[in-house]
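Subject: Handing over a structure, with notes on what was found

Dear colleague,

I am passing on the structure below, together with its sequence, and would be grateful if you could keep it open while you read the notes that follow.

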Amino acid sequence: DLAGGRVTRHRQFVSFRLGSQEFAVEILQLRRVLPYAAPLPVAGAPAFVAGTLRHEGDIVAVLDLRGRLGLPASVTPETRLLVLDHGSVAVMLVVDAAREVVRVDGGSIVGAPEVVGLAPGQAVGLIARPGRPIVILNPARLLSADERAALDLLVLPS
């Protein structure tokens, strides 16, 4: 696209809701959006791990950020699971609702805001829409190094 004689790079995100806040991930980091299914609990799992589910033959950890953000973990007909790339493996993220694909000019993304409950680096930008700010998350950074190590130590059922 040309905008005022300069080339712009459009980026696409999938937006979702956690409580009243809207978040997004790059569409290329999203593998699937699935209806909610209750995960199987894993003994000794860190609090952020809701359990595991089988997806495409693999056992996948189900992460729930709602507790970190001080939100209730209620399930409604709109609750979804986002299957995301987390480095070389997939994780599922519980969200209150999947919203839409948002296409924005890469230059219109501003610096990441501080979000209570998220560590620095987990939010990587902000799509500033009037009355609808959308915080961009980096799925590869949703877990701290300690959380990732704890997750890697889990013996997942097969």
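A salt bridge, as the term is used here, is a side-chain nitrogen of Lys or Arg within 4 Å of a carboxyl oxygen of Asp or Glu. Please bear in mind throughout that this is a predicted model.

With that definition, a search of the whole structure finds eight salt bridges. One of them joins the side chains of R11 and E26, with N to O at 2.2 Å. This pair links distant parts of the chain, since R11 belongs to strand β3 (residues 10-18) and E26 to strand β4 (residues 21-26), and the two residues are 15 residues apart. The two partners fall on either side of a cut-off, because buried means under 20% relative accessible area: R11, at 21% relative accessibility, counts as partly exposed, whereas E26, at 19%, counts as buried.

A salt bridge also forms between the side chains of R32 and E56, at 2.9 Å from N to O. Here R32 lies in strand β5 (residues 30-35) while E56 sits in the loop between β6 (49-55) and β7 (58-63), so the pair ties together parts of the chain that are 24 residues apart in sequence. R32 is partly exposed, at 41% relative accessibility, and E56 is exposed, with a relative accessible area of 57%. The backbone of E56 deserves a look as well, for this residue has a positive phi of about 50° although it is not a glycine.

In another salt bridge R66 is joined to D96, and the closest N and O atoms are 2.9 Å apart. R66 is placed in the loop between β7 and β8 (80-86), and D96 in the loop between β9 (89-95) and β10 (97-105), so this pair ties together parts that are 30 residues apart in sequence. Both R66 and D96 are buried. Beyond such single pairs, there is a network of salt bridges that links E22, R99, E100 and R132.

Turning to the strands, you will find an open sheet formed by six of them, in the order β10-β3-β4-β13-β12-β11, with mixed pairing. The edges are taken by β10 and β11 (109-110), each of which has a single partner strand, so one side of each is left without a neighbour in the sheet. The partner of β10 is β3, and these two strands pair in the antiparallel sense over seven bridges. R11, already met in its salt bridge with E26, takes part in this pairing too, its bridge partner in β10 being V104.

One further residue may be worth your attention, namely Q122, which is found in the loop between β11 and β12 (123-127). Is Q122 buried or exposed? With a relative accessible area of 3%, Q122 is buried. Its side chain reaches the backbone nitrogen of A119 at 2.5 Å. If neighbours within four places in sequence are left aside, Q122 is in contact with R68, I136, L137, N138, R141, L142 and L143.

With kind regards

Note on methods
Residues are numbered from 1 along each chain as its sequence is written. This is a predicted model: local features need pLDDT of at least 70, side-chain atom pairs count only at pLDDT 80 or more; totals for chains, interfaces and linings use all residues. Side-chain values use heavy atoms; hydrogens and water are left out. Helices (H or I, at least four residues) and strands (E, at least two) are DSSP runs, numbered from the N terminus. Buried means under 20% relative accessible area, exposed over 50%, partly exposed in between (1.4 Å probe, protein chains only). Two strands pair if DSSP finds at least two bridges between them. A polar contact is a pair of N or O atoms within 3.5 Å; within protein, one must be able to donate a hydrogen and the other to accept it, and residues adjacent in sequence count only if both atoms are side-chain atoms. Contact means heavy atoms within 4.5 Å.
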